[in-house]
Amino acid sequence: MQILNLNRMNDALFKNIFAKNTDLTLSLINSVFEFQGSALISDIEIIDRNLDAEEEDGKESRLDLLGRTPDGSIINLEIQVAKQEYMGRRSLYYWSRLYNSGLKSGEEYTELKRTVAINILDFNLFDKKIYPNYHSCFGVYDIKTGNHLTSDCEIHFLELPKWHLKSVKETNRLERWLSYFSKKTTAKELEEIAMVEPAIEKAFQAESLFTQDEINRRRYELREKNQRDRIAQMKYAINEALKEEREKYAQEEVNRVVRWIKKGKSFDDIMDFTSLPQERVKQLFDEHQN
């Protein structure tokens, strides 16, 4: 089997593969549920749509993949590449909108359905010292007793950088899916994973069909280009900010040395307390010494 060199965190690829193959979506979701001991689901209807009733900051609130199970439970699958410190609040915001959208006018609160958000992150959201595990799940509970107010709320975070593949034979289904998404997994390891996980083998076959479609391939490439551009813009902004900060500090240091010179401090004393080069201090002495 040919393993293509693709970024599986690319949302164009992710949506195409999982929206068109609900059995793969089921396998991915159930890998999360079985990992934490929740009941597995037998079917899912893909709803993939915009939450267009409201807008956040003038932009559409867009979910990557949205599904509904036979019992009415709603499950949102989202991948996130760019690090966002507010990811927890963002996920809670989307979760609340989905939860509220399940109740129609005149219906009782008993009609509200379990709503689950599963976030696959290409960065560490939580401090590794506090949350060393790659999987975390949050709900609504009493902070004193730990008792849940309701089982309707589940927000999962899967942090890819915290997962390191050691042995394919020792992995569970969730870890095999994390290996599928991780950029650190080699082609050989992916081949081994496909041999023990039929759903992932099918995902590779779906990838091959995806790349043979010119429109799909173009969408994929545009997503990759946009991501590279965002990274480049962020690096440029950071470098410019650092440059401006360095220039500001250098000017403050020059002003400080000038004040010392005017107060009559010696060259040696000033060199003991400044980070300016010796040549620059000599120049300032020539310019400002009375």
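**Exercise 1: a pair of helices.** In this predicted model, the axes of helix α4 (residues 173–181) and helix α6 (residues 198–212) come within 11 Å and cross at roughly 20 degrees. Are α4 and α6 roughly parallel or roughly antiparallel to each other, and which residues of α4 meet which residues of α6?

*Solution.*
- Start with the idea: two packed helices are described by the angle between their axes and the distance between the axes.
- Now take the angle. Angles under 35 degrees count as roughly parallel, and the crossing is at roughly 20 degrees, so α4 and α6 are roughly parallel to each other.
- Add the handedness: α4 and α6 cross in a right-handed way.
- Finally, look at the side that each helix offers. From α4 come Arg-176, Trp-177 and Tyr-180, and they meet Ala-199, Ile-200, Ala-203, Phe-204 and Glu-207 of α6. Sorted by class, this contact has six nonpolar residues, two charged ones and no polar ones.

**Exercise 2: checking a helix length.** What should the 15 residues of helix α3 (residues 87–101) span at 1.5 Å a residue?

*Solution.*
- The expected span uses one less than the number of residues, times 1.5 Å, so α3 should span 21 Å.
- Compare with the model: the end C-alpha atoms of α3 are 21 Å apart, which agrees.
- While you are there, find the buried residues of α3: Met-87, Ser-91, Tyr-94, Trp-95, Arg-97, Leu-98 and Tyr-99.

**Exercise 3: one residue of α6.** Is Glu-201 buried or partly exposed?

*Solution.*
- Locate Glu-201 in helix α6.
- Its relative accessibility is 31%, so Glu-201 counts as partly exposed.
- Leaving aside neighbours within four places in sequence, Glu-201 is in contact with Met-1 and Ala-194.

Notes: Residues are numbered from 1 along each chain as its sequence is written. This is a predicted model: local features need pLDDT of at least 70, side-chain atom pairs count only at pLDDT 80 or more; totals for chains, interfaces and linings use all residues. Side-chain values use heavy atoms; hydrogens and water are left out. Helices (H or I, at least four residues) and strands (E, at least two) are DSSP runs, numbered from the N terminus. Buried means under 20% relative accessible area, exposed over 50%, partly exposed in between (1.4 Å probe, protein chains only). Axes are lines fitted to C-alpha atoms, for helices over the stretch in contact, and angles run from 0 to 180 degrees between N-to-C directions. Angles under 35 degrees count as roughly parallel, over 145 as roughly antiparallel, 65 to 115 as roughly perpendicular and the rest as oblique. A crossing is left-handed if the near helix is turned anticlockwise from the far one by less than a right angle, and right-handed if clockwise. Contact means heavy atoms within 4.5 Å. Ala, Val, Leu, Ile, Met, Phe, Trp, Tyr, Cys and Pro count as nonpolar, Asp, Glu, Lys and Arg as charged, and the others, Gly among them, as polar.
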